[in-house]
Amino acid sequence: MAGTFLFTLKLLCSVFGSLLLLRAYLRYLGIPGNDPLVSFAHSLTQWAVEPASKFIKRTRNIEWPSIFVCYLVAVIYQFFHWLMGSGHGGVWPFVFGSAVLVVYWAIELAMWATVLFCIFSWVNQASANYRTLSYLCYPILAPFKKVIPVWRNIDFSGVAFIILANIVLALITPLT
């Protein structure tokens, strides 16, 4: 029973934390508020971000309230993980482990966006979803595009990022 609860809690916290990070990333990129993806992330997270924005101010490009709430979601997950007897003792999981969990969610979000971007780039580059994913993934993939050449019209920068992201996730998983 505890395993099922922790699995469900991890799934819910991961999805909600990823939505909060997506909201912050979209604000960082400066995507207008009338964009469907911005509206989607904003509508699902506004109830949690609005109270935090009363005491944590946004800057021009950074949505600090969303990042703060994402960190709180990670702390809540770490607390229940510890409460159910699966976590470690002390303050470590609540402070550092939660911060690492937020980084984990950010890498996972970027990785899944890249997976979708790669699929759309191979299947339908004319779709609106491809353009949106291209805009989201370009800042992440740009360093890889500089190093990895395109081979026969196939861009392997997304695959390289996914491999590197999985290596980083494997390294930081014990810290969460």
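Start by selecting helix H1, which gives the most to the lining of the largest pocket, with 12 residues. The model is a predicted one, and H1 covers residues 2-29.

**The largest pocket**

Stay at the pocket that H1 helps to line. About 780 Å³ of space lies in this largest pocket. Of its 31 lining residues, select those closest to the centre: Ser 18, Leu 21, Ala 106, Leu 109 and Ala 110. Next, colour the helices that each supply at least two residues of the lining: H1, H2, H4 (92-123) and H5 (128-147). Colouring the lining by residue class gives 25 nonpolar, 3 polar and 3 charged residues.

**Thr 45 in helix H2**

Move to H2, residues 36-52, and select Thr 45 within this helix. Is Thr 45 buried or exposed? Thr 45 counts as buried because its relative accessibility is 0%, and the cut-off for buried is under 20%. Now show what surrounds this residue. Apart from neighbours within four places in sequence, Thr 45 is in contact with Phe 16, Leu 19, Leu 20 and Arg 23.

**The cysteines**

How many disulfides does the structure hold? The number is 0. Select Cys 70 and Cys 13 to check one pair. Cys 13 has the cysteine sulfur closest to that of Cys 70, but the two are 9.7 Å apart, so the distance is too far for a bond; a disulfide needs the sulfur atoms within 2.5 Å. Cys 70 has 0% relative accessibility and therefore counts as buried.

Then select Cys 118 and Cys 137. Cys 118 is in no disulfide either, and the sulfur of Cys 137, the nearest cysteine sulfur, is 7.8 Å away. Cys 118 is also buried, with a relative accessible area of 5%.

**The whole protein**

Zoom out and switch to a cartoon view. The secondary structure comes to 6 helices and 0 strands, so a walk from the N terminus reads α-α-α-α-α-α. The C-alpha trace spans about 55 × 35 × 30 Å along its principal axes.

With a surface displayed, the protein exposes about 10500 Å², and carbon and sulfur atoms supply 72% of that area. Of the 176 residues, 37% count as buried, Thr 45, Cys 70 and Cys 118 among them.

Finish with the contacts across the chain. Taking pairs of residues at least 6 apart in sequence, 61% of the contacts join residues at least 24 apart.

Notes
Residues numbered from 1 in each chain as written. Predicted model: local features only at pLDDT ≥ 70, side-chain atom pairs only at ≥ 80, totals over all residues. Heavy atoms only, no water. Helix = DSSP H or I, 4+ residues; strand = E, 2+ residues; numbered from the N terminus. Buried < 20%, exposed > 50% of the residue type's maximum accessible area, 1.4 Å probe, protein only. Contact = heavy atoms within 4.5 Å. 1 Å grid on protein atoms, 1.4 Å probe; cavity = no way out; pocket = protein on both sides within 12 Å on 5 of 7 lines; lining within 4 Å. Points joined across faces, edges and corners; volume = space filled by probe spheres on them. Nonpolar A, V, L, I, M, F, W, Y, C, P; charged D, E, K, R; others polar. Areas by Shrake-Rupley, 256 points an atom, 1.4 Å probe, with all protein chains shown as cover.
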